[in-house]
Amino acid sequence: MRILITGAGEVGFLIASELYADHDVTVIDKDPAACARLQDMDVKVLQGNSANARLLIMAGINKADIVAAVTGNDEVNVITCIIASHLGVRQTIARVSNPEYIDQPVQDRKEIGISYMICPELAMAEDLARSLYFPSMLLDRELAGGKVELIEFKVTEEMPLQGPVGEVNVNLPDGCKIMAINRKGDISIPSKEDLIISQDHLFLLCNPKSLPELRRMLHEESSPHKALIVGGGMVGFYLASRLEKMGLDVKLIEVNTDRCREIADKLSRTMILNGDGTDISLLREEGAEFMDVVFAVTGLDEKNLLCSLLAKQLGAKKILSRVNRYDYIKLFELVGVDRAVSPGQVTADAVLQRVTGGEEVITLSDERMELVDFIAKAGAKIIGKSISKELPKDSLVGMILRDGRPMMPDDGFKVKEGDRVFVMSMPEVVAKVKKLFIS
Amino acid sequence: MRIRVFLRLFASLLKILAVLLLIPGAVAAYYGETGGVIAFAVTSLLTLAFGIALGRLSTGEEPGLKEGFALVSLGWLGAAFFGALPYVFLGLGLIDGLFESMSAFTTTGSSILTEVNAEGYWIINNTLADSSLAHQLELGVRSLTANSTWLQISSSPDETYMGLLFWRSFAQWLGGMGIILLFVAILPRLGVAGRQLYRAEVPGPDKDALTPRIKQTARVLWVVYIFMTVAEIVLLYVVGMPFFDSLCNTFASMATGGFSPQALSIAAYKSGIVDGIITLFMFLAGANFALHYKMINSDRKALFKDAEFRFYSLIVLATTAIIVLWGGLQGDIIRKIQLAGFQVVSVMTTTGFATADFDQWTAAAKFTLMLLMLIGACAGSTGGAIKVVRILLVLKSVYRELLHSLHPRAVIPLKLGGISVKDEVLRPSNIFVATYIFIFAVASLLLAIICYDDPRMNIESILSAVATTLGNTGPGFGSVGPMLSFAEIHPAGKMLLFFCMWIGRLEIVTALMLLVPEFWKK
């Protein structure tokens, strides 16, 4: 496919790096430095204003299958998409942050020529809010329109999960499978003999129906009650309003007095505290140690990190942090943040999930691993073969959707045409895995 | 303040009043009350003459904020003064007349009348009436027309005072929605001043602009008011109340005034249905008229969504329960609920009708009623006193302060119906409550000093007299109880209460404005 990306910031960069291997990618950005970052990739780079129709045409917009407008400027993105749809582009995706234009993470705005509007802040808040289904949960992402869920959670000593992966998998409820282990920031795909230890983060692919059973297995207490949010920007505000609706007892710390008033007017039950999230006496005063979950979502990475560590030190049960520089994710998780999320990454994932039409849909892009769902097309190498034998080392098949029904593949499972196969793999072997599904 | 600009507005107000005074005159004529006809005719002429004369002195400049305030505060005093003249012409003393007239316009309903005729209607003492100006004029006219065959005038004073009783209730009805609001609604070319007048007369935290233009808003409110008034008159008449009484009682209940032509007030009709209808209309009149308009016009649930109305209803239910349980009422449970419900609504809406001598009830019941006198009705209603919404804001402020002590860094907005109340609204509202209580305390002290040698004016009577006049309710307890009158209070005390009614109706600020030296500067 031909894909045009405008904006080579975090989001544009991530999307381009996921897609350039299999597609024709063109990137436009105003900033020469951002353009220079793309030199290592096999993509066409144009420098200039992406609201300029002439430049867009020069970039081949009228032949593009997909246009992803992901610069930091809402209006420019909207203009790009409108131009694209005028020129007949079927799929247009615009990144839009201003709450006046968008009030949910992903919005369908076909009437103005935009297939999807995606808001990084809201998408991130949504992602964080979804991680509260049970106390140890860190991530819960719906895949394939909600038929499959990818979850991540932290193992504690009370959980009946210690032992080799193969055994634990048997004990898990039907429709759940361990896909990867994150140990202090390092992600690996386990073999059956690998041991799970306390404090590991497990990635599971699950049939949504078996989640309640999993929750019962892992926890006596069902869901968290107290949450502390540090940072009252768009992410913090939206997160607070989501958590309010879920019935949590929410406190939010924001440093700017005017912003405090503004969000206090809009929120109904959240307690807004005017102060600095790294002020240890404030954290202590407001009972950070009793929090079931702390979200550090200010715009400053150093503040988020410090605040997360303070909360952890005080004894908060679970800490999720926003990290604006994608490169810091591993570092954050290494020093004790339970999960670090970058808005760029969440947005790139949201964009990639909607880039359909090829053989695969990328659902999770992390430099440490990748979860891809492939559609086995006619003539693909894998058809009729036992999938677990064909897949290279460091890759693992999780769930298969056959005629819309999730199935757990056993060792002898053979792939049929039309199957949707979810594969977790390390970045080094992704290319090998892809070959199996290409006709 | 520019006196001559103010005079133009004031003159127009007097002219309108002169026309309105013809209505009770016509009622007096209908009942063949010669004295009444003369009293109203003379008053109307005098008012008109003053209006014209003052109009001559005025200039046509655009009125500003100060003139607006002056018109509202002095306009009410002027209306009370000219409205008092018929009482004076029919035989009451000037102070009594002023008291009765102010009590009417401010929808208070405290009365100095003491005598009753055989049908139970209020009348003026015969000795006073004999020497009254109207009667003297009547006799004078009679001697001139002694030989005339077309004009037969009796030599004794009127037996009834239907015209005057009508005037008492009618003045309440005018004062209920606001005489200045009426002025804004009907006077052309008021421009920006209209908005200022509206703000000065309809103070309080809740000021929904119903329509973009203030004249239109004033009209809308009056139309809703008239509509509900007609509905009540018809209902009362249908269930058997005499037409005259239906008119007067409707005027008094829609305005939350409380003047009944019957000395026994609503108890005189001995009808549960009448009690029920009046309770309902008093209750509605005690709610925000802007919400009534919304109910009729757009949102059928506007009233029930309103935080103030809910709290208002809650207070009515809770206090009714208190009085039913611990009020020492006579009768079975249904009768108790009927009596307590009527009295709670009557006092809380600051109407002041009575279906029982509640002065005989227990201290628990009386104190409940006393608190209701202080709380009053909803903002934007025809009722008086502190207003429910202000009480609600005080309670929420207190809670916020407590919460703030526990969480010193918290930013806690104060919300009413899900919407944050701005500090610019909250501050004057809370200051109002404090000022109201302060004025209540000072006025009570003054009244106690004035009545120091009157053994019947005990502390209960004094406090309730001030609370009831300041809140524009009507009856109090003890020697000013529902079946007694204010007639025996020392004249200085009457004048004090006269000003209490005025200050209370204008919600303090507009009245006290006259005391600010800055106000009088040019």
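The contact between the two chains draws 12 residues from chain A and 8 residues from chain B, two residues being in contact if their C-beta atoms, placed from the backbone, lie within 7 Å. On the chain A side, α9 (257–266) and β17 (271–274) each give two or more residues; helices (H or I, at least four residues) and strands (E, at least two) are DSSP runs numbered from the N terminus. The model is predicted, with local features needing pLDDT of at least 70 and side-chain atom pairs pLDDT 80 or more, while totals for chains, interfaces and linings use all residues. Residues are numbered from 1 along each chain as its sequence is written, and chains are lettered from A in the order in which they are written.

Strand β17(A) also pairs with β3 (residues 410–411) of chain B, in the antiparallel sense and over 2 bridges; pairing requires at least two bridges found by DSSP. Here A:L273 stands opposite B:A410.

Turning to the interior, the largest nonpolar core (buried Ala, Val, Leu, Ile, Met, Phe, Trp, Tyr and Cys residues joined through C-beta atoms within 7 Å) has 156 residues. A residue is buried if 20 or more other C-beta atoms lie within 10 Å of its own, again placed from the backbone. Helix α4 (residues 65–89) of chain B supplies the largest share of this core, 13 residues. A second, separate core of 147 residues includes A:F134 and A:I263.

Helix α1 (residues 10–19) of chain A is mostly covered, with 9 of its 10 residues buried, among them A:F13 and A:L14.

Definitions and conventions
A residue is buried if 20 or more other C-beta atoms lie within 10 Å of its own, exposed if 12 or fewer, and partly exposed in between; C-beta atoms are placed from the backbone.
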